Amino acid sequence: MVEDYYHSIFFLVIGLLSIGIIVSLIYNVIRFSHKKRLRVCGFGHPLLDITTHVDSEFLDRYGLKPADTMLAMDHHKPALYHELIDREDVQYGPGGATLNSVRACQWLLRANGRTGYVGCIGDDEFGELLKREVEKSKVEAALETIDDAPTGTCGCMILGKERCLVANLGASQRFSPSWFMKNNIREQLDKADIYFIAGFFLNLVYPSTDVIDNDPKLFPAFYIAKQAAKYNKIFCMNLSAPYLCTAFKDKWEVLMPYIDYLFGSEVDYIALSEAFGWKVKEIHEILERCVQLPKLNPNRPRIAVVTRGALPTVVRSPKRSREYPTPFVHLTHIQDLNGAGDAFVGGFLAVLASGGNINECMKTAQYTASQVIRQPGCTFPSKCRYSYSLFQFIIDSWRDYVNGKL
């Protein structure tokens with residue numbers, strides 16, 4: 001009798017779990033079958049990463065430190081890059097914050113035609129190499145070519161687990177507003193449903209006479225934001241670095257009403273708070289202020305996301321805040337922390353483009369970042385085997401039902 005009782009309980013539990021999984025699967029099929037598969041397009045500084053291992057003496061010679069991230073100075077050009085190219089273990093790969101995020105997005109989406117990218121390169125050997133590398137990633141790129149500046153490069157110098165990055169923007173910062181009227185770039189704008197820009201794209205150099213719609217105030221990022229608002233596209237930005245929040249404060253103020261999703265690290269948001277004169281350093285209060293700023297499209301409330309290294313990631317909507325514990329990765333498995341933030345954004349955008357909710361976006365974003373830090377540079381395993389856990393989906397859905405949807 002006792003054994004029969006336990007057998008009955010066991011089969012009842014198995015039956016309930018099976019029913020839960022089947023219901024969850026049917027729900028997901030119905031939910032996603034009614035969702036349009038969105039296309040993501042990024043606008044940024046395309047760079048060719050030149051990666052090699054160095055020693056402390058090499059860095060000292062150029063006045064660099066192991067964890068530096070900076071723009072190339074006069075004493076770096078061109079000697080530093082010539083030395084890197086001549087080293088035996090040198091490797092080349094596509095880089096630049098926006099391109100990294102779009103490649104991460106494409107890696108997860110897998111299907112062709114889901115991602116696009118717009119930028120500027122030089123008419124040189126590095127430019128051709130960069131184009132070939134982008135094609136391998138299956139990102140459809142519209143790269144304008146100029147002959148009076150070299151392709152942007154980033155010297156990636158590895159010392160232990162630290163990576164020193166020195167970028168020579170070159171042609172990448174010469175993207176011109178008038179190029180938006182060219183067919184290949186116009187096509188990228190028209191086909192995309194989600195626009196993404198990293199803060200670095202605010203740093204562009206072009207003649208003051210080069211304007212679009214006869215409006216000298218319409219800088220490229222602002223034009224993209226206005227197109228997003230006009231055609232009801234989703235507009236996302238990454239703060240990218242603290243100095244960008246300070247140096248381009250006026251541009252951030254112009255863009256903020258258009259931003260639907262804002263990403264950044266904790267130090268980025270603190271820098272933005274200081275630039276806006278808030279005098280606030282507590283991250284939850286900063287996020288609250290960000291999402292409460294005026295929004296052009298009130299039907300799509302702004303979402304602010306902050307990554308904090310190993311600490312929980314915080315997501316803030318106008319209604320509430322929620323934290324997501326960062327997955328643990330043992331120190332021995334970490335190869336390179338650079339590119340984790342870019343990969344995080346790419347993972348988030350991939351699920352956003354597939355009609356997922358915030359929970360799914362966050363789980364995938366954290367997974368993508370956890371994979372990239374196990375790789376050298378912003379690179380990905382040859383195959384993406386990630387799929388959202390049905391069991392986790394059930395738990396998250398129940399939590400949303402109890403707490404109210406974010």
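Start by selecting R174, which is partly exposed with a relative accessible area of 26%. This is a predicted model, so keep that in mind as you click around. Now add D148 to the selection: the two side chains meet in a salt bridge, 2.7 Å from N to O. D148 sits in the loop between β6 (140-146) and β7 (153-159), while R174 sits in the loop between β8 (162-168) and α6 (183-191), so the pair ties together parts that are 26 residues apart in sequence. D148 counts as exposed, at 52% relative accessibility; the cut-off for that label is over 50%.

Zoom out for a moment and colour by secondary structure. The chain comes to 14 helices and 14 strands. Of its 406 residues, 53% are buried. Turn on contacts between residues at least 6 apart in sequence, and 74% of them join residues at least 24 apart. Switch to a surface and you are looking at about 19,700 Å² exposed by the chain, with carbon and sulfur atoms supplying 57% of it.

Back to charged pairs. The structure holds 16 salt bridges, and here are a few more to pick out.

Select E83 and R61 next. Their side chains meet in a salt bridge at 2.6 Å, N to O. E83 belongs to helix α3 (residues 79-86) and R61 to helix α2 (residues 56-61), so this pair ties together parts that are 22 residues apart in sequence. Both ends are partly exposed: E83 has 27% relative accessibility, and R61 has 44%.

Now go to helix α9 (residues 249-255) and show K249 and E253. They are 4 residues apart in that helix, separated by about one helical turn. Their side chains form a salt bridge of 3.2 Å, N to O. K249 is partly exposed at 27% relative accessibility, and E253 is partly exposed too, with a relative accessible area of 40%.

For something beyond a simple pair, select R39, E140, E187 and K191: salt bridges that share partners join these residues into one network.

Next stop, a piece of sheet. Which way do β5 and β6 pair? Select strand β5 (residues 115-122) together with β6, and you'll find them pairing in the parallel sense over 7 bridges. To see one partner relationship up close, pick G119, whose bridge partner in β6 is L143. Then bring in helix α5 (residues 125-136): β5, α5 and β6 make a right-handed β-α-β unit.

Now hide the surface and head for the nonpolar interior. The largest nonpolar core has 57 residues, and F43, F235, W252 and Y269 touch the most other members. Highlight helix α7 (residues 220-230) as well, since this helix gives the most to the core, with 6 residues.

Centre on F235 and show what surrounds this side chain's residue. Leaving aside neighbours within four places in sequence, F235 is in contact with Y195, I197, A221, I224, A225, A228, Y258, I259, D260 and Y261.

For the last stop, select L38, V40, F263 and F380. These belong to a second, separate core of 41 residues. Show both cores in two colours, the one of 57 residues and the one of 41 residues, and end the tour there.

Technical notes
Residues numbered from 1 in each chain as written. Predicted model: local features only at pLDDT ≥ 70, side-chain atom pairs only at ≥ 80, totals over all residues. Heavy atoms only, no water. Helix = DSSP H or I, 4+ residues; strand = E, 2+ residues; numbered from the N terminus. Buried < 20%, exposed > 50% of the residue type's maximum accessible area, 1.4 Å probe, protein only. Contact = heavy atoms within 4.5 Å. Areas by Shrake-Rupley, 256 points an atom, 1.4 Å probe, with all protein chains shown as cover. Salt bridge = Lys/Arg side-chain N within 4 Å of Asp/Glu carboxyl O. Pairing = 2+ DSSP bridges. Right-handed = clockwise from strand over helix to strand, strands pointing away. Core = buried A, V, L, I, M, F, W, Y, C linked by side-chain atoms within 4.5 Å.
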